[in-house]
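Student: Hi! I have a new structure open and would like to talk it through. Could you start me off with a term I'll need?

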Amino acid sequence: MWVKFKTCLPGKWVLVGEHTVMRGGMAIVFPFPEVSLCLDFVPQRTKRLKVSPPDAEPVIHELLGIYEGWRSRNGGFSWPTGRLTIQSDIPQGAGLGSSAALCSAVARWIASATGLPANELTDIARSLETRFHGNSSGMDVAAVLANAPIVFEKGCPPRILKLERIPHFTLHDTGLRSNTSECISQVKTFVTGNPDRAAAVDRAMDAASYKALKGLLTYSRGEEQAGLEAIAEGMRIALDCFSDSAWNLIPEAEERLIRSLLADGALAAKPTGAGGGGMALALWERPR
């Protein structure tokens, strides 16, 4: 039964672990509540579902169609009628989880009508996100659904990081927008063509994740300097994985921005998300 429903979800940003998470590596992801997506549904006796803004309607129908295909193997699916409104200030192509927030919101909406078990919600959201990313790891949807810092490994439930204190991170727009599926494809090509080098890069990114995790926990315990040093080291290792000697996902404009942040006193800076533009992440000793 389709009932009145509303949900809001935050954006997200990735500290370390991008791309390698597709091959079993560990990633650390934070929610970004400064931007969000809200979905609001009002059921009505109409002939079809009306979506606002209008340019979102084809995407919503496509996502419902993906779920219908899954549901047809498990008992059928009745399409909603009424008015669906989506409001989002999460920029697309910026690495802040715009597609994850949309797919997670739609999954929650479907769950409210179909009685979808809570333990299947993330799986449905990940299946919907495949429409955008080709093969979603589930990392982004897990982060926005948790609305808390998480440690994520593909195929495992996310682990919420209970941090008493969080270091000072800032996000900086490169002014460029990228396509996540294209970045994923570029990394896959690198992995296929350079298996030994790719394996070494994956090991380095995994080491970056463990360094950063140790640093977060250390900082949270009150050992600020040691925590910051470990996080910064993890971010520097991760930056090398994005560089032209590995995945080659740092455009010139982002490289200039990262150099500027470091010159301005940032302890470390790196791309966040798939790369190719979007946002750069910086770590600072003090609030900015």
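Tutor: Sure! A residue is called buried when its relative accessible area is under 20%, exposed when it is over 50%, and partly exposed in between, using a 1.4 Å probe and protein chains only. As background, this is a predicted model, where local features need pLDDT of at least 70, side-chain atom pairs count only at pLDDT 80 or more, and totals for chains, interfaces and linings use all residues. Residues are numbered from 1 along each chain as its sequence is written, and side-chain values use heavy atoms, with hydrogens and water left out.

Student: Okay, is Cys183 buried or exposed?

Tutor: Cys183 is buried, at 6% relative accessibility.

Student: Why is there no bond from Cys183 to its closest cysteine sulfur?

Tutor: The closest cysteine sulfur belongs to Cys241, and at 15 Å from the sulfur of Cys183 that is too far for a bond. A disulfide here is a pair of cysteine sulfur atoms within 2.5 Å.

Student: How many disulfides does that rule give?

Tutor: The count is one disulfide. Cys8 and Cys38 are the partners, with 2.0 Å from S to S. Their link is right-handed, with 110° about the S-S bond.

Student: Which parts does that pair tie together?

Tutor: Cys8 sits in strand 1 (residues 5–16) and Cys38 in strand 2 (residues 26–43), so the pair ties together parts that are 30 residues apart in sequence. Cys8 is partly exposed at 41% relative accessibility, while Cys38 is buried at 18%.

Student: New topic: how many helices and strands are in the protein?

Tutor: There are eight helices and nine strands. They are DSSP runs numbered from the N terminus: helices are H or I with at least four residues, strands are E with at least two.

Student: And what box do the C-alpha atoms fill?

Tutor: Along the principal axes, the box is roughly 60 × 45 × 35 Å. The radius of gyration is 20 Å, which agrees with the value near 19 Å for a compact globule of 288 residues. That radius is taken over C-alpha atoms, and the globule rule is 2.2 Å times the number of residues to the power 0.38.

Student: What share of the residues is buried?

Tutor: Of the 288 residues, 50% count as buried.

Student: Last one: what share of contacts joins residues at least 24 apart?

Tutor: That share is 72%, among contacts between residues at least 6 apart in sequence. A contact means heavy atoms within 4.5 Å.
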